[in-house]
Amino acid sequence: MSAKRVRLLIWKEFTQLRRDPLLIRLLLLMPVLQLIMFGYVVAVDVRNLSTAVVDLDQTVASRQLQAAFSGSGYFTITRTPASEADLQPLLDSGTIKVALVIPQGTQDRLGRGETAPIGIIVDGSDSQISAIGSGYASQIIAQFNTDRRTSSGAQLDAPGIDARVRVMFNPTLDPINTMIPGLIAAIMMISLMVIMSQAVVKERESGTLEQMFVTPIKATEYLIGKLTPYAALATAQMALVALGGLYWFKVPFNGSFWVVLVGLLLFMFTCLGLGLLISLVSRTRHQAQQAVMFLMIPTMVLSGFIFPIQSMPPAIQPLTNLIPLTFALEVLRGAFVKGSGFEALAVPMLALAGFGVVIFGASIIATRRRIAE
Amino acid sequence: MMATLTRIGAIVVKEFRHLLRDPRMLLAVVITPVIQLLLFAYAISFDVENVPTLVVDLDQTQTSRTYLEQYEASPFFEVVAHGSTLADVDTAFDQNTARVAIVIQAGFARSLAAGEQAQVSVMVDGSEPNAAKVSQAYSVAINQLYTQQLTRQWADAQGLDLSSVGMLEPRVRTWYNPERRSSDFLIPGLMVVIIAIVTVQQTAVTLVRERDLGTEEQLEVSPLRKVELMVGKLLPWTLIAFAEVAMITGLGRTVFGIPMRGDFWALAVGAALFVFASLGMGLLISAVAPSLDTANILAMLIAFLPSFLLSGLAFALDQIPVVLQWISYGFPARYMVTISRGVFLKGAGFPEVWPELAALAVYAVVMIVISSVLYGRRARR
Amino acid sequence: MSSWADTVSSAPPPATTASDRGAISARGLRRTFGDTVAVDTLDLDVPTGAVFGLLGPDGAGKSTLIRMLATVLVPTAGEASVFGHSVTTERDAVTPRIGYMSQRFSMYPDLSVAENLEFFATIRGVGRADRRTRSQALLASMGLDEFTRRQAQHLSGGMKQKLMLATTLMHEPDLLLLDEPTTGVDPVSRREFWRILAGLHRAGKTVLVATPYMDEAERCTHIAFLDGGRIKQSGTPESIKALVPGRLLEVSATDPRAALAVVRTLPGVASVHLLGDVVRVLWEAPSEPVGPLTSALVAAGLHGVGVREISPDMETVFAFLAEADAPPGAGSEVAS
């Protein structure tokens, strides 16, 4: 194998890239766009939900409760209708997403030591809001209860559960802290798959592929020459995302840089392999694109990138283990959020290695065979 | 008039022939949407349930076990393991075998018997923020209720004033989607995305392909008008898009049991307008794209990302930065998701969704006009 | 030279009306692409019923010219009219009467022969009954009738060209604009193609055809030679051949290059060049050339010597004319 030839191929690839302004723009645009999208849309916290309060009690206690809600930052009271019936049009039109109904006699019931029900209505057509919104509401009420007890003066010498709820890892519970690490892996995958398959297929379309194989260039050299620039590019993109995440979105990084590096490296082989395989089955760039989309959608959906695997039906959950990205996400999130080391992440690392060997190996064999034809 | 229809008819026939002879295209247009639909509707959920929980009972008394029954009884927590030391918690979190850990310190029963506060540690894995938030809320709620029970029993036994024992209890009702099934929430929006992707992507390349093939010139020296060409090229995709709407609605109702509470015609009109708007977008891309790859990539960027992320399909839009919200108004998917969800779940009809319908109509007209002009201008250099 | 030259007879085209300005009339036609001038202020007249050949090297501007006439490209300056209608302002009057065949394959690769014909004919407004009769006739006359169901991408080069021609003929245009229709096609198919063109000529159609093949020029009623966007020569084949003074001889020998060297030095020789393995000699002296040439060659020690007179073909004529244009010292050896 000639290092000189390999270098030549790499140089050619970069030169071609430079001449394709669209591609350059895409390479730079993609990570930025994704950072914006995922940072500001997907990872967004549920806050300032427009809320309506129907206060049928009109007592000190009910007003205190209202204050607790509006003071939390999660709910913004925008309407105060007189009756529950008035809530219908508000919820229908989406003007409000949450409604608080304080029934008449609440304060009285509290005074008698009874449990006073409080109605919380959430707009179920938005699943995230309904789950989290009701969760927050419950928490606020729970806090109200606790405050009421401690401020009632008589610190009852009574048994009770003193539950300390602690959030380990990601104490702010900001979704973006898990999104960004995930995005790093996702972007490598997308980048390598899309751009590589396009580049190889483009060469096939223009006929230069055939030209190359009547030269002394060996298959291995060709592959290394082809893959290296894109690997380098993907690295640059990932760095962009990482920096953007760390410095713009202030995502914390608790783990070891080496863990991330090794994990990404292993994952990279899988992605390169996939890109190559796609280029083998596509005759035109349009076809390559379609193939990428075909693979990408289930991957994004089922890998746990956006939608938690935990929430998937039990029948589906094992399937997620067929997707390499799933393990890459585990490694990256483990490293960023939990500070996990090699030991803790042994299983996903091995899985990544396994995928890498199989997929990359298969793609190399297939490509060499095609070249030899 | 007849001549126009004949020519448009010839284009439509030709386009269908192209489609039927391209197995990959058929796959992309027919099979993939169905797979996507099933995948999304069935597999995706933000619902939090059966959170794997690790229990470390360092007290091992009847009292502690009774307390733990609260968690076992809750549908929310699923006790998957019983640990014996605190180190087990670290391991469980590291290896993702549990997301919540409940540690009962030794002396739990003794404290309660003595009328003191008993210590319980609840640890939540924050790396899944959604689940973590809900876990927090639920565990706090469980503990509160339990505490209140204990206090009340005790106060009763002591004959004490109960006023400070009173507490509020939240009763949560979920409207429109009482079972909180994600599929109800997702499928109406998903339909929109799938159609957008299919129409925009395919129409974006269809006109460019004509140019690449060299047949464009032959069409130019014929009486065929640009408008006729566009209509002829769009009609097949319009029909296909409608077929997909029907298919997804049908599948949604029969397989996933999604209710149709509103006015179906509002949905139908909305779908028609949305299809035209998306086609218009595809045409515009086609008219400005210098090459096939550009058309492809632009279509992906414009059809896929905004449809998916900025339409309100899966992620709420009222929380995102204002700039992005404005951008989301620039894409028809946003309006269609509102219409779709409104009709399916909220029982909406024309009176509720006419602003969105109007927006789609304007969008469609503007897109088609602009692309006709652009296309005509660049065809003859 | 070519036996099929006579299929396109030099019989005069059918009688036309007095107001006939000809099928094509162009004045000062010019087209630039950025800094490049593709067609440089050119005048052209194509009489109705002619088979007009546009000859010239690659990049001469033939395609550009044809496309302007076909209304597919807008001229930068100048004007052109087809059957009296301007190509720029009266497109709709021009396009129904022309058939345009471009250089690149312009059929739908995944549609069959029949489907392509059907489609383009429908677009052109040919009625259903006519579509049927005409397509049958055309396919039969071109030998494509066995391939009606085959997809266009699976046709051979020659068949592809015939398909394109058939498509342009479906609406029975009066003028055909053909841009290198036989380039890259095997000789047998080329022959057939020109047989078809001859038939069209007999039916009174006008044909403007761009071609790089000099031998096809023989078969035209009029030719024009384009170079650098300008018309260098134009006229009937006879008038152009007449431009070459003297007689044309063909000299063969076992060592053609040596023969060339010998002949070049002889007086009475206007120009020589090598064509394959024979030497073409232009003899401008009034004396009889065969004898002196033969003896000179034999005297120089060459073997297998043969000298015969031939009538000038277009190849030679244009080589000569190009030479005349070329700067001195450009050499008289023209590769075949």
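A residue counts as buried when its relative accessible area is under 20%. That cut-off is used in the legends below, and the model they describe is predicted.

**Figure 1. Leu317(B) is a buried loop residue.** Leu317(B) sits in the loop between helix 11 (292–309) and helix 12 (322–329) of chain B. Its relative accessibility is 7%, so Leu317(B) counts as buried. Which residues touch it, leaving aside neighbours within four places in sequence? Leu317(B) is in contact with Leu309(B), Leu310(B), Ser311(B) and Gly312(B). Gln325(B), Ser328(B) and Arg334(B) are also in contact with Leu317(B). Val205(B) is 112 residues away from Leu317(B) along the chain. The C-alpha atoms of these two residues are separated by 30 Å.

**Figure 2. A charged residue lies over a ring in chain B.** Arg334(B), one of the contacts of Leu317(B), appears again here. Arg334(B) lies over the face of Tyr329(B). The distance to the ring centre is 4.3 Å.

**Figure 3. A charged end sits over a ring in chain C.** The ring belongs to Phe105(C), and the charged end belongs to Lys160(C). That end is 5.1 Å from the ring centre.

**Figure 4. Two phenylalanines of chain A meet edge-to-face.** How many aromatic pairs are there over all chains? The count comes to 19. One of them is formed by Phe269(A) and Phe360(A). Their ring centres are 5.0 Å apart, with 65° between the planes. Planes over 60 degrees apart count as edge-to-face, and this pair is edge-to-face. Phe269(A) lies in helix 10 (residues 257–281), whereas Phe360(A) lies in helix 13 (residues 346–372). The pair therefore ties together parts of chain A that are 91 residues apart in sequence. Are the two residues buried or partly exposed? Phe269(A) is partly exposed, with a relative accessible area of 34%. Phe360(A) is at 17%, so it counts as buried.

**Figure 5. Phe76(B) and Tyr138(B) form a stacked pair.** The centres of the two rings are 4.2 Å apart. The planes are at 20°, so the pair is stacked. Where do the partners lie? Phe76(B) is in the loop between helix 3 (62–73) and strand 2 (77–83) of chain B. Tyr138(B) is in helix 6 (residues 129–158) of chain B. The pair therefore ties together parts that are 62 residues apart in sequence. Phe76(B) has a relative accessibility of 4%, so it counts as buried. Tyr138(B) is partly exposed at 38%.

**Figure 6. Phe76(B) and Tyr138(B) belong to one aromatic cluster.** The other members are Tyr67(B), Tyr71(B), Phe77(B), Phe108(B) and Tyr146(B).

**Figure 7. Chain B is assigned two domains.** Domain 1 covers 2–45 + 181–380, and domain 2 covers 51–164. The C-alpha centres of the two domains of chain B lie 51 Å apart.

**Figure 8. Chain A holds 13 helices and five strands.** The C-alpha atoms of chain A fill a box of roughly 95 × 45 × 40 Å along the principal axes. The radius of gyration of chain A is 28 Å. A compact globule of 373 residues would have a value near 21 Å. Of the residues of chain A, 58% count as buried. Now take contacts in chain A between residues at least 6 apart in sequence. Of these, 78% join residues at least 24 apart. Chain A exposes about 15,400 Å², and carbon and sulfur atoms supply 63% of that area.

Methods:
Residues numbered from 1 in each chain as written. Chains lettered and ligands numbered in written order. Predicted model: local features only at pLDDT ≥ 70, side-chain atom pairs only at ≥ 80, totals over all residues. Heavy atoms only, no water. Phe/Tyr/Trp six-rings, centres within 6.5 Å; stacked < 30°, edge-to-face > 60°. Helix = DSSP H or I, 4+ residues; strand = E, 2+ residues; numbered from the N terminus. Buried < 20%, exposed > 50% of the residue type's maximum accessible area, 1.4 Å probe, protein only. Lys NZ or Arg CZ within 6 Å of the ring centre and 35° of its normal. Contact = heavy atoms within 4.5 Å. Domains from an automatic or database assignment. Rg over C-alpha atoms; globule rule 2.2 N^0.38 Å. Areas by Shrake-Rupley, 256 points an atom, 1.4 Å probe, with all protein chains shown as cover.
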